[in-house]
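User: I am new to this structure and would like to understand how its descriptions are reached. Could you take me through the reasoning step by step?

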Amino acid sequence: MSIQIREALERPEDLLAQLLTVWEASVRATHDFLSDEAIRHIRDSVPQALTGVAHLILAEEDSGRPVAFMGIQDGCLEMLFIASEERGRGLGRRLLEYGIARHGVTRLTVNEQNPQARGFYEHMGFQVDKRSDLDEQGNPYPLLYMSRSE
């Protein structure tokens, strides 16, 4: 089975529901610092983030089922989530390389408490520029702001 990458030109409710499932599985596999309550709270804002980001890029199976996605806004990777069963197969690399090549991604933010993601982004050429003690909502989840040269 092959995985195709494409831009979501439309964002119907059924697609958003599928992406929310991918998001939650990915977060539960990688964000062990979040409580169930925190995940449920954040989950409520995910559909708005999916519809609000300028470029939503999907990785789909031949059947059309999404297994990963990323969002890009003004050269910044806003989100990258991979279904837990697809992790470690190079899909994150494929998506990020697509974002760099097609949308000029040079910046991103990652949770400091997610060392696998930080390591992945460093492997992809990103470096930490600054750190904050709180996330954008004021929660105690330190963020790392990373960039790469074009």
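**Reasoning from values to words**

Analyst: To begin with one residue of this predicted model, Asn-114 touches Thr-30, His-31 and Phe-33, when residues up to four places away in sequence are not counted. Asn-114 itself sits in the loop between S5 and H5.

User: Why is Asn-114 counted as buried?

Analyst: The word buried is used for a relative accessible area under 20%. Asn-114 has a relative accessibility of 6%, and therefore counts as buried.

User: How do you know whether Ser-26 is buried or exposed?

Analyst: Ser-26, which lies in helix H1, has a relative accessibility of 5% and so counts as buried, the cut-off being under 20%. Leaving aside neighbours within four places in sequence, Ser-26 is in contact with His-31, Phe-81 and Ile-82.

User: What does helix H1 look like as a whole, and what do its buried residues pack against?

Analyst: Helix H1 covers residues 13-30, which is 18 residues, and spans 26 Å from its first C-alpha to its last, close to the 26 Å expected at 1.5 Å a residue. Its buried residues include Leu-15, Leu-19, Trp-23, Val-27 and Thr-30, and the buried residues of H1 pack against helix H2 (36-43), helix H3 (46-52), S2, S3 and S4.

User: What makes Asp-74 exposed, and what is notable about its phi?

Analyst: Exposed is the word for a relative accessible area over 50%; Asp-74 has 62%, and is therefore exposed. This residue is placed in the loop between S3 and S4, and Asp-74 has a positive phi of about 50° although it is not a glycine. Most residues other than glycine have a negative phi.

User: Why are H4 and H5 called oblique to each other?

Analyst: The two helices pack at an angle of about 50°, with their axes 11 Å apart. Angles under 35 degrees count as roughly parallel, and those from 65 to 115 as roughly perpendicular; the angle of about 50° falls in neither group, and H4 and H5 are therefore oblique to each other. H4 passes H5 in a right-handed crossing, and where they meet, Gly-92, Arg-93 and Leu-96 of H4 face Phe-120, Tyr-121 and His-123 of H5.

User: Which residues touch the most other members of the largest nonpolar core?

Analyst: That core has 23 residues, and within it Met-70, Leu-77, Tyr-121 and Phe-126 touch the most other members. The elements giving two or more residues to this core include strand S3 (66-73), helix H4 (91-103), helix H5 (115-123) and strand S7 (143-147). A second, separate core has 22 residues, among them Ile-39, Leu-56, Met-79 and Phe-81. In soluble globular proteins, nonpolar side chains tend to be buried together.

User: Which residues are in contact with Met-70?

Analyst: With neighbours within four places in sequence left aside, the contacts of Met-70 include Ile-57, Leu-77, Met-79, Leu-95 and Gly-99.

User: Why is Met-146 counted as buried?

Analyst: Met-146 lies in strand S7 and has a relative accessibility of 2%, so Met-146 counts as buried by the limit of under 20%. Among the residues that Met-146 touches, not counting those up to four places away in sequence, are Leu-108, Val-110, Tyr-121, Phe-126 and Asp-129. Met-146 and Asp-129 are 17 residues apart in sequence, and their C-alpha atoms are 5.4 Å apart in space.

Technical notes: Residues are numbered from 1 along each chain as its sequence is written. This is a predicted model: local features need pLDDT of at least 70, side-chain atom pairs count only at pLDDT 80 or more; totals for chains, interfaces and linings use all residues. Side-chain values use heavy atoms; hydrogens and water are left out. A nonpolar core is a set of buried Ala, Val, Leu, Ile, Met, Phe, Trp, Tyr and Cys residues joined through side-chain atoms within 4.5 Å. Buried means under 20% relative accessible area, exposed over 50%, partly exposed in between (1.4 Å probe, protein chains only). Helices (H or I, at least four residues) and strands (E, at least two) are DSSP runs, numbered from the N terminus. Contact means heavy atoms within 4.5 Å. The expected span of a helix is 1.5 Å times one less than its number of residues. Axes are lines fitted to C-alpha atoms, for helices over the stretch in contact, and angles run from 0 to 180 degrees between N-to-C directions. Angles under 35 degrees count as roughly parallel, over 145 as roughly antiparallel, 65 to 115 as roughly perpendicular and the rest as oblique. A crossing is left-handed if the near helix is turned anticlockwise from the far one by less than a right angle, and right-handed if clockwise.
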